[in-house]
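Trainee: Could we look at this structure together? I would like to practise reading it with you.

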Amino acid sequence: MDTSEKILRQAFAEKQSAVEAQGHAVRALKAAGAAKPEIDAAIESLNGLKLEKASIERQLQAAIGGGDGSLNRETFRQAVVNTLERRLFYIPSFKIYRGVAGLYDYGPPGCAVKSNVLAFWRQHFVLEENMLEVDCPCVTPEVVLKASGHVDKFTDLMVKDEKTGTCYRADHLLKDFCNEKLQKDLSISPEKAAELRHVLAVLDDLSSEQLGAKIKEYGITAPDTKNPLSDPYPFNLMFQTSIGPSGLSPGYMRPETAQGIFVNFKDLYYYNGNKLPFAAAQIGQAFRNEISPRQGLLRVREFTLAEIEHFVDPENKSHPKFSEVANLEFLMFPREEQMSGHSAKRIPLGEAVSRGIVNNETLGYFIGRVYLFLTRLGIDKDRLRFRQHLANEMAHYAADCWDAEIECSYGWIECVGIADRSAYDLRAHSEKSGVALVAQEKFLEPREVEKLVINPVKKELGLAFKGNQRMVVEALEAMNEKEALEMKATLESKEESPFYVCTLGKNVTIKKNMVTISKEIKKEHQRVFTPSVIEPSFGIGRIIFCLFEHSFYTRPSKAGDEQLNVFRFPPLVAPIKCTVFPLVQQQQYEEVAKVISQSLTTAGISHKIDITGTSIGKRYARTDELGVPFAITVDSASSVTIRERDSKDQVRVNVGEAALVVKEVTDGRQTWADVWSTFPHHSAGSAEADE
């Protein structure tokens, strides 16, 4: 816990006790019939203590981020969501049937924003990095997801309302309880607050038994009914189906797009000329049967993922273009800073890699590219950080993992995961399918190499560990050289060795007859190896929701009698790039507007023409609320004005130049500052009064 919060909680508890003691004293004086001056003095002292308590309470609320700040965040979020739904950016699916939690429809402007984000993703990653794009089915056979571990492990712990049967995600209930206590119950002791913070820190590590014990200890009940809850039990988040009419071929709706790339590695490697490194990319729908969807677009049951699998030699994770991003400096949150209670801090990316904070150059390169992608979309760089996974969050096979987290009204939200997944995925599919998913490096001259050979004796391991044999074998084969040689020495001296199997979450005993570990000299003409994979995975819906919040603001109307909503989308992602308005309803102006509209269409610029008689100010306000960056107003037959949304500045250009000027800015070849310095400025007259 933050030191200042601890001191304030202690001071608040002491002041609360003092207020209660003084209250008792006042009541005792009154009961004893004490003199009025004596009672008045005691009451004055009580009021003074209450004022001091109120002062400490305000400081404590500020320290924990509760109180008005929390209310303001909710008010802001509601304003954004109301605007988004009213202007049809997105709405709940199947609305006329009261909707289904966790499913949303994108309306016309939302579709356009999403399309623009994905188009920029393709430009920024697929085209600029020469990636191989694939498109794989959403329906996936069970055997594929069995190999990847999803069938057995893709679960969340669930509890049920014992009377109504309503389901809740157990860790969310515990998390909400702890946050609610910390933010709103100022009377809890510093020790209790520290305990609740510790629970939040280790939440992902709690077993179903530990989670259930905490729910019972804190008296947590069903949020809607206050009924008692069942013990937590695992619930697989995948939507199950059957492939074909017989029902004999089970399958699932894919929970991620990555597996389609892994199973195609052999063909993609051949397509790439049998050369590493290379990257494959895929954009597509993924499905997760969330227990209790909430937080709008942030936690849904069907969503769009954009994923990259960059295959690289595990012995060489340098990147030829790392120097292009090495000088970027942004908020990073290494695990050491998290464990010591510090905040994220700005670190140059090159320094983070050279100091070993980021495991390797290729991982660092993609972190830098993700930063550039998000900030160019319009994400506020001061509300974007890269948080390293703690040891308890990482899979046993992962070398390093970072999340791009964006701050919004719900707090810090993971929007992109960038992980060095080692060779786990390709090895898992190789073993299950019997097809070698490997790469080769041919030597110019044969090499004599000393190789560590780990041979698990599957028969003995099967007898000892039964159904857990595969996990023990995988863990043995995944040992690094130091671990293997230490086990070899222990087995030779003691005949058995303790061995921690991450996938089982416990130590097992390995006996000498269960594994052979040796070093052998071999002559090799080529090196055959399983590539490592660096995986950036983008939650497109989450990025878009954060972009909506980061782009939203209000400003007063010209009359000052109302607040007008504005989305400050960069032209890159704006749903409509430009609007065309005849100033007044005249045939001459409307014909010019149609000519400009045709020019914009020819230039490939999305636009909207509005020839209604509504005042120009109201038309500007309507399009500002959609985030349209430019408005062309036709007020003569030979020239028009172009208005920029955020500054409301206008320039005058010839009719024939209007479409070209807008295209230059929306394509990023010029800025509005360039346009402002090139063309004559225009001041709105009374007829063109802005908002």
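Trainee: Which residues does F548 touch, not counting residues up to four places away in sequence?

Mentor: Good place to start! This is a predicted model, in which local features need pLDDT of at least 70, side-chain atom pairs count only at pLDDT 80 or more, and totals for chains, interfaces and linings use all residues. Residues are numbered from 1 along each chain as its sequence is written, and side-chain values use heavy atoms, with hydrogens and water left out. Contact means heavy atoms within 4.5 Å, and on that basis F548 touches V80, L84, F89, Y90, V113, L297, F567 and F569.

Trainee: Which helix gives the largest share of the largest nonpolar core?

Mentor: A nonpolar core is a set of buried Ala, Val, Leu, Ile, Met, Phe, Trp, Tyr and Cys residues joined through side-chain atoms within 4.5 Å. Buried means under 20% relative accessible area, exposed over 50%, and partly exposed in between (1.4 Å probe, protein chains only). The largest core has 71 residues, and F548 is among those with the most contacts inside it, together with W121, F373, L374, F386 and F538. Its largest share, 10 residues, comes from helix 14 (residues 361–377).

Trainee: How many residues are in the second, separate core?

Mentor: Its members include I596, I605, A659 and V675. This separate core has 24 residues.

Trainee: How many helices and strands does the protein chain have?

Mentor: Helices (H or I, at least four residues) and strands (E, at least two) are DSSP runs, numbered from the N terminus. Counted that way, the protein chain has 23 helices and 29 strands.

Trainee: Why is helix 21 described as largely enclosed by the rest of the structure?

Mentor: Look at what covers its buried residues: strand 22 (552–556), strand 23 (563–567) and strand 24 (578–582) are among the elements that do so. The buried residues themselves are I616, G617, R619, Y620, A621, T623 and D624. Helix 21 (residues 616–624) is therefore largely enclosed, with the buried count being seven of the nine residues.

Trainee: Is L452 buried, partly exposed or exposed, and what is its relative accessibility?

Mentor: You will find L452 in strand 17 (residues 439–456). Leaving aside its neighbours within four places in sequence, L452 is in contact with E481, A484, L485, I517, S518 and K519. L452 counts as partly exposed, because its relative accessibility is 25%.

Trainee: What is the phi of F94?

Mentor: Find F94 in the loop between strand 1 and strand 2; F94 is exposed, with a relative accessible area of 51%. Most residues other than glycine have a negative phi, and most peptide bonds are trans. F94 is a residue other than glycine with a positive value, near 55 degrees.

Trainee: Where is a cis peptide bond, and what is its omega?

Mentor: Look at P277, in the loop between helix 11 (265–271) and strand 10 (278–287). A cis peptide bond joins L276 and P277, with an omega of about -5 degrees.

Trainee: How far from C111 is the nearest cysteine sulfur?

Mentor: A disulfide is a pair of cysteine sulfur atoms within 2.5 Å, and a search of the whole structure finds zero disulfides. C111 is in no disulfide, and the nearest cysteine sulfur, that of C138, is away by 17 Å.
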